[in-house]
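Here are my notes on the charged side chains in this one. Have the model open while you read, and go through the points in order.

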Amino acid sequence: MLVELHVHLDGAIKPETILYFGKKRGIPLPGDTVEDLLQHISYTEPLTLTQFLEKFTFYMPAIAGDRDAVRRIAYEFVEMKAKEGVIYVEVRYSPHLLANCKVHPVPWGQKEGDLTPDEVVHLVNQGLQDGERDFNIKARSILCCMRHMPSWSLEVVELCKKYQNNTVVAIDLAGDELLVAETFPEHRKAYEEAERCGIHRTCHAGEVGSPSVIKEAINVLKTERIGHGYHVLEDPALYKELLNRKVHFEICLLCSVLTGACGPDFRKHPVIQFMNDKANYSLNSDGPLILNSTIETDYKIAKQFLDFTEEEFKRVNINAAKSSFLPEKEKKELLSKLYEAYGMVPNNPS
């Protein structure tokens, strides 16, 4: 039984679904079979984060702006996670990057259409809820602000408020970490409003950026979790502070190496330090379509290269459940399921 907290909806689409909607909508794709498509979209040797993000431009035009596509990718995502043994997942996405109306600029070179960011959230919610019903898994969503598009951020927090308790549990900030959030008041205001309204907050920080980006996420955006955070180890005082505060790190092992966020040798990965220090972290798949992986891939890497034990496996998933953005009652139910499955006594420190 697994808990996953950091996976992107638009990075976890079935290739068959991309091909189907590309053909249906007459949108050219770089391949017309799954194998051809994956040759262009996924990769196995390290690239830069920028090159990783460029992969989305190959296939997102086939999905964005189409109601059936948006609802279907959410439904199929839940099915995919259920097959991987995940019992609770928080999936994140930018509503604006799936829309083609009331969004400027219109993403992926689309023509102006009639699918708004608000309706995107509604459709994703429907897909997630249908998936929950059919596959016996709990799924919640996180709405992403984009660092390079501060003009979207205040609408993102309004959508979080509107759909709070209707699958949406948190706000996130994703994108190029060189674009410092503090210089864009819209990001800060969105996070301040989220905190005021009791909306949970996570933030991509310290993936490729310096520890200062993590400091900003904690001190300015008041984030509760850190997406990635590997470079925190370059600031021992900050790392110690976050350890003491038990701030949760959403670790994505395969992604961190293939985007060049960490060095190519898993045996020197920052998560080894996190393991040794009993840090609060989870293992996650991030963008499994582009990485041609599943959540199981990350656990296999942990076992093969990091001496990851069964006890650590249990500890990491318990930590993920405790750090999830579920309401307390549902969090306790999730933890009970895990304790029972792992043969553990509740509140066991291991």
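**Notes on charges and salt bridges**

1. Let's start with E241, which is partly exposed at a relative accessible area of 34%. Keep in mind that this is a predicted model. The side chain of E241 meets that of R245 in a salt bridge, with 2.8 Å from N to O. Both residues sit in helix α10, 4 residues apart, or about one turn of the helix. R245 also counts as partly exposed, at 46% relative accessibility.

2. While we're on salt bridges, have a look at the network: E90, R92, D172, R225 and E250 are joined into one by salt bridges that share partners. For the overall tally, the structure holds 32 salt bridges.

3. Next, helix α8, which covers residues 185-196. Here R196 forms a salt bridge with E193, and the closest N and O atoms are 2.8 Å apart. The two are separated by about one helical turn, because they lie 3 residues apart in the helix. Is each partner buried or exposed? R196 is exposed, with a relative accessible area of 62%, whereas E193 counts as buried at 17%. The cut-off for buried is under 20%, so E193 falls within that class.

4. Which residue does K215 pair with in a salt bridge? The partner is D235, and the closest N and O atoms are 3.4 Å apart. K215 lies in helix α9 (residues 211-219), while D235 lies in the loop between β6 (225-228) and α10 (236-245), so this pair ties together parts that are 20 residues apart in sequence. As for exposure, K215 counts as partly exposed at 38% relative accessibility. D235, on the other hand, is buried, with a relative accessible area of 18%.

5. Last, something other than a pair. Where on the structure do E16, D32, E35 and D36 gather? They form a patch of negative charge on the surface. One of them, E35, is found in helix α2, residues 34-41. E35 counts as exposed, at 55% relative accessibility. Since exposed means over 50%, E35 belongs in that class.

6. To recap the pairs for your own check: E241 with R245 is a salt bridge inside helix α10, and R196 with E193 is one inside helix α8. K215 with D235 links helix α9 to the loop between β6 and α10.

Conventions. Residues numbered from 1 in each chain as written. Predicted model: local features only at pLDDT ≥ 70, side-chain atom pairs only at ≥ 80, totals over all residues. Heavy atoms only, no water. Salt bridge = Lys/Arg side-chain N within 4 Å of Asp/Glu carboxyl O. Buried < 20%, exposed > 50% of the residue type's maximum accessible area, 1.4 Å probe, protein only. Patch = residues over 30% accessible without salt bridge, like charges linked within 9 Å, V, L, I, M, F, W, Y side chains within 5 Å. Areas by Shrake-Rupley, 256 points an atom, 1.4 Å probe, with all protein chains shown as cover. Lys, Arg positive; Asp, Glu negative; His and termini not counted. Charge placed at Lys NZ, Arg CZ, Asp CG, Glu CD.
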